[in-house]
Amino acid sequence: MRTEHQTRILEFMKKAGQETPERPIIPSLAIRQLRANIILEEALETLEGLGFAVVSTGENSSGFAAVPFREPDIVKAVDGCGDLSVVTMGTLLAFGVKDKPVLEAVDESNLRKFGPGSYRRESDGKWMKPPDHKAPDIMGLLILQGYGDKYFGQPEHAAPGFKPK
């Protein structure tokens, strides 16, 4: 099932001649690279709107940090958030994934952070998962949408030796 938002993006992608498979697949390297570049571009524009620049730190798991560098621009920040939503929904469509069950599962998982055993990391205020937290079953959702079907959704562009669960 798709949200109304994803349905509008599907219409745009079809008009633009972009591939939108009906079931989950791993798209070609060219499509994945395009999606990665667009997401990165929009994320950086959003951070600029928030008043931050990205610097390499090597200090955390990503090796990057956002640092203040200018006054925030609410128009750029809001536009960037909207654009990020569009490009990430478009990426799900490029993978043939309907967004509604994925969003529901991720939202429920995030809300479980506030259950018994949850705690807060004091340095940045990010809510952490309880020790017994289980991530949403994304692969299960993909399989329900047809990923790994014998005749459709084979990961032909996956790395050698890749096998869906």
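The legends below describe an overview and several close-up views of a predicted model.

**Figure 1. Overview of the predicted chain of 165 residues.**
The secondary structure consists of five helices and four strands. Starting at the N terminus, the order of elements is α-α-β-β-α-α-β-β-α. Buried residues make up 26% of the chain. Among contacts with a separation of 6 or more, 59% are between residues 24 or more positions apart. The chain has an accessible surface of about 11,100 Å², and carbon and sulfur atoms account for 60% of that surface.

**Figure 2. Close-up of the crossing of helices α1 and α3.**
Two packed helices are described by the angle between their axes and the distance between the axes. For α1 (residues 4-15) and α3 (residues 74-94), the axes come within 9 Å and the crossing angle is roughly 75°. Helix α1 is therefore roughly perpendicular to α3. On the α1 side, the contact is made by His5, Gln6, Ile9, Leu10 and Met13. The α3 side contributes Ser85, Val86, Met89, Gly90, Leu92, Leu93 and Ala94.

**Figure 3. Close-up of histidine 5 in helix α1.**
Histidine 5 has a relative accessibility of 25% and so counts as partly exposed. Leaving out residues up to four places away in sequence, histidine 5 touches Ser85, Val86 and Met89. Histidine 5 and serine 85 are separated by 80 residues in sequence, while their C-alpha atoms are 9.0 Å apart in space.

**Figure 4. Close-up of threonine 20 in the loop between α1 and α2 (29-50).**
With a relative accessible area of 14%, threonine 20 falls under the 20% limit and is therefore buried. Apart from neighbours within four places in sequence, the residues in contact with threonine 20 are Leu10, Met13, Lys14 and Leu93.

**Figure 5. Close-up of the salt bridge between glutamate 11 and lysine 15.**
The structure holds three salt bridges, and in this one the N to O distance between the side chains is 3.1 Å. Both residues belong to helix α1; because they are four residues apart there, about one helical turn separates them. Glutamate 11 is partly exposed at 44% relative accessibility, whereas lysine 15 is exposed, with a relative accessible area of 68%.

**Figure 6. Close-up of the salt-bridge network of Glu48, Arg70 and Lys76.**
Arginine 70 and glutamate 48 form a salt bridge in which the closest N and O atoms are 3.0 Å apart. Arginine 70 lies in the loop between β2 and α3 and glutamate 48 lies in helix α2, so this pair ties together parts that are 22 residues apart in sequence. The side chains of glutamate 48 and lysine 76 also meet in a salt bridge, at 3.4 Å from N to O. This pair links distant parts of the chain, with glutamate 48 in helix α2 and lysine 76 in helix α3, 28 residues apart. Shared partners join Glu48, Arg70 and Lys76 into one network. The residues of the network are partly exposed, with relative accessible areas of 29% for glutamate 48, 32% for arginine 70 and 36% for lysine 76.

**Figure 7. Close-up of a nonpolar surface patch that includes phenylalanine 64.**
The patch is formed by Leu40, Leu44, Val54 and Phe64, which together have about 360 Å² of accessible area. Phenylalanine 64 lies in strand β2 (residues 64-68). Phenylalanine 64 is partly exposed, with a relative accessible area of 49%.

Key: Residues are numbered from 1 along each chain as its sequence is written. This is a predicted model: local features need pLDDT of at least 70, side-chain atom pairs count only at pLDDT 80 or more; totals for chains, interfaces and linings use all residues. Side-chain values use heavy atoms; hydrogens and water are left out. Patches are made of residues with over 30% relative accessible area and no salt bridge: like charges are joined within 9 Å, nonpolar side chains (Val, Leu, Ile, Met, Phe, Trp, Tyr) within 5 Å. Accessible areas come from the Shrake-Rupley method with a 1.4 Å probe; for residues, only the protein chains shown count as cover. A salt bridge is a side-chain nitrogen of Lys or Arg within 4 Å of a carboxyl oxygen of Asp or Glu. Helices (H or I, at least four residues) and strands (E, at least two) are DSSP runs, numbered from the N terminus. Buried means under 20% relative accessible area, exposed over 50%, partly exposed in between (1.4 Å probe, protein chains only). Axes are lines fitted to C-alpha atoms, for helices over the stretch in contact, and angles run from 0 to 180 degrees between N-to-C directions. Angles under 35 degrees count as roughly parallel, over 145 as roughly antiparallel, 65 to 115 as roughly perpendicular and the rest as oblique. Contact means heavy atoms within 4.5 Å.
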